[in-house]
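Student: Got a minute to walk through this one with me? I'd like to get my bearings before I go back to the bench.

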Amino acid sequence: MLAASLIAILSSACHAPLTQLVVVVESDLAPAQIARVRLEIDDERHEVSVSGAGAQGLPFSFGVRARDGHADQTVTIAATALDDDDAITVSTRAIVPFVRGETRRVVLRLEAGCIGRTCADGQTCRAGLCEALAISVADLDPVAPGDELRDLPPFPDAADAGVDAGPSCTPSCAPDETCTREGCRCGARATCGADALCDEGECVPWPRSCDAIGRGPGCDLVAMPGGTFSMGDEEAATSGGTGAFPEQPGVRVSPFVIDAYEVSVARFRAFWDAGHPAPSAPVAYPGGRTIALDGPVVDPIDRELEPECNWSDTPGALEAHPMDCVTWSTALAFCAWDGGRLPTEAEWEFAARGHTLGGLAPRRDFPWGDEAPSGTEGGGCDRAQAFVCAGRDGAWTREVGSFAGVAGVFDQIGNVGELTADHYDFYGVGEGNCWRGTMPLDPLCRRTGEGLEVTVRGAGYPAVFISTLMSAARGSIATDGAYPAIGFRCVR
């Protein structure tokens, strides 16, 4: 008799609490690389057809219940991608614990970055790295009773009677939609119309600040899949003292959507003209956490007062340049009004180097790869606005998106450094105990006390050391500081 079996996950909370797992299988493989997924649940094999995986076969989910309701068990789950010729493309495994009386969620990712990677016994490849098979309880996302199926697509083509075969939709869903118990919802290929983005089955509206200027350069969103990666880089730390060491392994972030561009002056002006309201409640963050403003929403520094700033009381030549010279609270208020929030430090680094993006491997030195940017004072720059290179339109900066993006994301390095949601704390030895090598899902460093600083990522146009421009490099400013070389972007 199996220690655990595939089951239909109940959508009602009118029963005794179940000890079970919701297993989500995701992949970034190209459609030609995956036709079926072979699942092994405590060595019992199940075959799942995911024809057209790149379009709509993945992700999928299923349930595993603890035997006899006991929580002192683990289950070994393996997922293997097979191509049309039944050749193995890539595999991943995990030993997952149960939590008595709770439903927890675990994600297995079949990743292109793990193709050809051989790990030692007792390890598996995750995010391109060899890691232990065992997953801790702290790494499992809790699922509220009764919500087990919410936001989860059905288990496709299930032949086993014990597997939840999912809902049926009449009429059938469009090719860019997924059939769920809540009806047809947008899928990975959906555009959601001209003014939204499909994210985890929901159409996310475009930023409010983009209403006036429309979609295009300066206004776009990029969905990030989430995943596990190592924050920090010894090379960055030893060459420039950027606070990026010791590395923090096993950092996990949930899927999120990031602004493709740094917030421009034009977008910020829409917020300012709307009355620049402070959020009516603390800003929500993953994991049920919230952040309140550390101070009031205050006027940005005007160019008449500080010529290096980009803001002016009336629209001028710098509307497409990054917004700078704002305080952390003002930036957070903008993001909340715009429908989002400031990114966490982990989300920012994940987008810059933490996962495969545009065919680039994780742990790269810069968003575009390992080749350092170049530039000369007063001259040209090849990849980022840095090294005191010549600005444009009478400013030190250039229009957002002036340099080539990486899979649709622009200017994570250069132009202006970018504010994050986190208070600054040293890796490993910080007084806030935020970064000690054991990370919860979606880490967020928030401290109490006086004289606190917030973390800045990405460096700006004055940067002259390569190390400060690396994706793992970290800086900080006072929460009430406003500087020409520091701006921001939002996530949602």
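**Starting with a helix**

Tutor: Sure. This is a predicted model, and a good place to begin is helix α5, residues 345–354, which is mostly covered: 10 of its 10 residues are buried.

Student: Which residues are the buried ones in α5?

Tutor: They are E345, A346, E347, W348, E349, F350, A351, A352, R353 and G354.

Student: And what covers the buried residues of α5?

Tutor: Strands, among them β16, β17, β18 and β19, along with β22 (417–423) and β23 (453–457).

Student: Let's take β17 then. How many of its residues are buried?

Tutor: Five of the five, across residues 227–231, so β17 is largely enclosed by the rest of the structure.

Student: Which way do the residues of β17 point?

Tutor: G227, F229 and M231 point one way, T228 and S230 the other, and both sets are buried. In a regular strand, side chains alternate between the two faces of the sheet.

Student: How does β17 pair with β18?

Tutor: In the antiparallel sense, over four bridges, with β18 spanning residues 248–253. To find the spot on screen, look for M231, which stands opposite Q248 in β18.

Student: What about β16, where V222 sits? Is V222 buried or exposed?

Tutor: V222 lies in β16, residues 221–224. Its relative accessibility is 13%, so V222 counts as buried. The C-alpha atoms of V222 and D259 are separated by 6.4 Å, although these two residues are 37 apart along the chain.

Student: Changing topic: how many residues of α3 are buried?

Tutor: Seven of its nine, so to speak of α3 (residues 265–273) as mostly covered is fair. The buried ones are V265, A266, R267, F268, R269, F271 and W272. Their cover includes β19 (256–259) and α4 (328–337).

Student: What happens just after α3?

Tutor: There you reach G275, which takes a positive phi of about 105°.

Student: Which residues other than glycine have a positive phi?

Tutor: C325 and R363 can be named here: phi of C325 is near 60°, and R363 has a positive phi of about 65°. Most residues other than glycine have a negative phi.

Student: Where are C325 and R363?

Tutor: C325 is in the loop between β21 (289–291) and α4, while R363 is found in the loop between α5 and β22. C325 is buried, with a relative accessible area of 1%. R363 is partly exposed, with a relative accessible area of 34%.

Student: What sort of peptide bond joins F245 and P246?

Tutor: A cis one, with omega at about 5°. P246 is placed in the loop between α2 (234–240) and β18. Most peptide bonds are trans.

Student: Back to β22 and β23. What order do the strands take in their sheet?

Tutor: The order is β24-β23-β22-β25, an open sheet of four strands with mixed pairing. β24 (475–478) and β25 (486–487) stand at the edges, each with a single partner strand, so one side of each is left without a neighbour in the sheet.

Student: How many bridges join β22 to β23?

Tutor: Three, and the two strands run antiparallel. As a landmark, L419 stands opposite V456 in β23.

Student: Great, thanks. I'll go and click through those.

Methods
Residues numbered from 1 in each chain as written. Predicted model: local features only at pLDDT ≥ 70, side-chain atom pairs only at ≥ 80, totals over all residues. Heavy atoms only, no water. Buried < 20%, exposed > 50% of the residue type's maximum accessible area, 1.4 Å probe, protein only. Pairing = 2+ DSSP bridges. Contact = heavy atoms within 4.5 Å.
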